[in-house]
Amino acid sequence: MKKTVLFLFLTFFCMTMFAQRNAVTGVVSSGEDGTPIPFASVVVKGTTIGTSTDFDGNYSIEVDEDDILVFSMIGFSSREFKVGTQEVINVLLVTDNMGLDEVVVIGYGVQKKSSVTGAISSVKAEDIQRMPIQRAEQALQGQVAGVQVTMDSGQPGAGLSVNIRGIGTTGNSQPLYIIDGNPVGDISYLASTDIGSMEVLKDASASAIYGARGANGVVIITTKQGTQGAAKLSYDGYYGIQNASRQMDVLNAQDYAMIINESLLNAGEDSSHANWIQDSEIAGIGSGTDWQEEIFRKNAPIQSHTLSLNGGNEQILYSTALSYFSQDGIVSEDKSSYERVNFRVKGDYTSYDRKLKVGTSFVYSHSTSQGVDPNNVYNSPLAQAINIDPISVVKDAEGNFGRPIRNMQEIVNPVAGMYYLNDEYKTDKIVANLYAEYKVVDHVKVKTSLGIDYAYQWHDVYKPIYELSTITKNETTKVDKTMNSWYSTNWETTINYNNTFGEHELDVIAGTTAYTNNYENLSGAGAELLIGGKEYAYLDNAILDSKTSGGTFDSNSLLSLFGRANYSYKDRYLASVTVRRDGSSRFGPNNRYATFPSVSTGWIMSEEDFFKDKLGPITFIKIRASWGQNGNENIGNFRYLSSIANNHNYNFNPGTIVNGFSPSKIANPDLKWETSEQTDIGLDLRLGSNFYMNFDYYDKRTKDLLIDAPIPGYVGNNPPTINGGTVQNRGVEFLLGYNGRSNDFSYGGTLNFSANKNEMLKINNDEGIIYGDVNIGPSGMKNLTIAKVGQPIGYFWGWETNGIYQNQAQIDNSGSHQPSATPGDLIYVDQNEDGVMDDADRINLGDPHPDFTVGLNLNFAYKNFDLSMFWYAVVGNQIVDATRRYDLANANYQTSVLDRWTGEGSSNSTPKVSWSDNNNNRGNFSDFMVEDADYLRLKNIQLGYSLPKSVLKRLNIERFRLYVSGENLVTFTKYSGFEPEIGNTDNVFHTGIDQGIYPQARVFTIGANITF
């Protein structure tokens, strides 16, 4: 086999060396003013063979007489020329900002933008370059209508929640990511500088080719590839500083003492109470300790550097890059950080006769991360900083860490908590793809590819001896080591037929996919290390009797058949039909396979003779419509079975305990696919050569939701996984764009608007409810979020209030549902007027998902200066402010408590403070804890300057651009917490719950883009 492959490569090499080809040269210029166009693309049609023009618009390329050259440049209409016997081809490109000839990536192929019948949006490398982003997903926020991107937290390395056209499931709602044809479960390893383009497949027609994994939408990422011409070495990098953009307003020492003592008085206590704050305790301390100042780091560094090399000739194209990214967190000096090193290489080889094409892409990433708990009212240092009393000190006179002045359970000195934290992840990841494509006969190509996705993660935890409170302590040194490995393979083979018959064009593809994924875990722990210290945290250093170990293995696979036919008549009547059949090991033999079809059509009205010259300024108008189905099997493995667990102990005789085995859950052999069905109607419009608009309306229904069914406790086993509901997302997407130019000044921008309504249509249980299991604080605040028929997924479920009881007479006349109420307490609404306050009175208090989002991108350029600006707005969602430990009477308060009720008429919105809080003003989950989360944020602004061409020529440099950039500079919001943007990648029911969220930083950077 090796000899055969070597022989083939030598044969192609020799053919290349002895081939006779013709050189074509020329100049590419603007049709408006005749000025040369640098960096224009010159490509042999149907191949990746090409070059680009130099500073003066000159090009040179080796071609055959039968070749067709395609000349293109962003902002200009593409043109094609048959080579023939010509040795010089000079080209004038006409300004056209519509981008209709632009090629977009679709599933298993590419398609001209004007011919697309599905809902597909693109983000290009030049758009990403305007934003020095930390993760690839950030490039989609505010750039693509219908896509909501929400940061899980601002901690370095934190994930992002990406939802395409709403929340379509109560399980994992994240889209499928395809990188260079390879499906991957995580894209955190990818450097943003490696991205050539990102395409978002939003409707079922566009994503149906991916069937089983496309229910939540598909994001296709194509990494940068080489171009024909001399090798080009480029540097892209920036360095910046980060700071907290805002702090929460909490009580200082004086106000805290006043409020705590007042709460004791309102509970019938006096200065003899153990928690009374005496004057001597606050004498001379002024405002006390500002704990937020203590935990936030000033000017935390962030940096990114990429060196890339690109080039090639008619047969070989290559692109390689080495990247380094480092970000320190704004919380803690050295306990919150993320560091990543990437190496990427991509190559393509085309034989001389252009029948065979082989290529590969390879990415290796090594990352190291450590962090604090980013959103947990019990453990987050930010939650501790706003709950701990301001009277306590960071360190006492002896240099020991201070403790809260009173016992506050898990609320401890946050500086001390981070000092003793040693929690680190190291991850090595390889994503690679190898393909071969062969032209069997004219118009028919066969392609096969093999992709792998391998990740190895090492988790180190070391705990020294410490005591931060009576319950937060560690009495012996401990070490925990965990190894996780993921390995998946994806083998695909396709056959493609493409031909034109007069005015008919047909493109057909059929293929098969075999995907397998394996996960393995190995862990060990030990205690009482013989030698203390993080550098000695190894299992062999722990005493023998303390050591424990464990390990798991998991595996799943997919087998799929698919096909698609794209048809075009006269370049104006368009149609596409797709069908995919998937089989998953995650379902039993009864329903292992499912079929997912789709159909879409398009009509380019502006090409009709009866419309031409009658549409006024309209130069292009296309109507699209699609319908299709996708599947979802993201539920974990073997959920249809009842596996056997060995963690049950049985007591047969007094004092005799025997370890036994039992089923872990109730089986459901009829478990089947979750299916998303979507209808889309779209309109694409162009006015002149400067203005464009896209509009989409969609109705997306996901049925047979994969959920764990509630069962009575007396069953004595875990519930089965069932198909238990239907959810609907309906919405509109609107994109407006404009580009213009006046002499040396160019300008442009895009405005995208997305509105979505999410609603549960059906839940297959008696209650019609799925509980989100989000619990905060005392027993009164359980199940903060639920899904219920007629309501959105994960809405906030609690009690409505109607002001404050001002006097006893008002209480006496209000009914019996608040028997413990006194003047100054919240009035809870008895929704069913049964005189009892219970779950039947809980209602929808808010939705964590916005009614609509808006993204505004503006860009300007004058001569060698360029300016870009990105605004992002979210409207119509709410946040639960769960930052205070409501179960701890002596936890600190926000300054809004100063507007509390202190007597009749003093306040009708903020209840009195009371140590006992018998009415549960701060213990019941009510709208008192829910705030509007609308915000408008200047996400990024960047000012750049490029050296003039005359200077570049003397320096022998192709490009040299310097820029300064600011991120998250301004945020307009009424929310009182750290951060109004709170997502959750793992659980939709936890979205919008603020338990002391790690906020996004305000960032200032300076960077450069240089090409030699």
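This passage describes the overall build of a predicted model of a protein chain and then the surroundings of one residue, Asn541.

In the predicted model, the protein chain contains 10 helices and 53 strands. The radius of gyration of the chain is 32 Å, close to the 31 Å that the globule rule gives for 1012 residues, so the chain is as compact as a globular protein of that length. Along the principal axes, the C-alpha trace spans about 105 × 70 × 70 Å. Of the 1012 residues in the protein chain, 52% are buried, and among the contacts with a sequence separation of 6 or more, 69% are accounted for by residues 24 or more positions apart.

The accessible surface of the protein chain amounts to about 43,300 Å², and carbon and sulfur atoms contribute 55% of that surface. With regard to charge, the chain carries 80 positive and 115 negative charges, and the mean positions of these two sets are 7 Å apart.

At the level of single residues, Asn541 is placed in the loop between strand 27, which covers residues 504–527, and strand 28, which covers residues 548–569. The relative accessibility of Asn541 is 11%, and because buried means under 20% relative accessible area, this loop residue counts as buried. When residues up to four places away in sequence are left out of the count, Asn541 touches Glu528, Leu529, Leu530, Ile531 and Tyr536.

Notes:
Residues numbered from 1 in each chain as written. Predicted model: local features only at pLDDT ≥ 70, side-chain atom pairs only at ≥ 80, totals over all residues. Heavy atoms only, no water. Helix = DSSP H or I, 4+ residues; strand = E, 2+ residues; numbered from the N terminus. Rg over C-alpha atoms; globule rule 2.2 N^0.38 Å. Buried < 20%, exposed > 50% of the residue type's maximum accessible area, 1.4 Å probe, protein only. Contact = heavy atoms within 4.5 Å. Areas by Shrake-Rupley, 256 points an atom, 1.4 Å probe, with all protein chains shown as cover. Lys, Arg positive; Asp, Glu negative; His and termini not counted. Charge placed at Lys NZ, Arg CZ, Asp CG, Glu CD.
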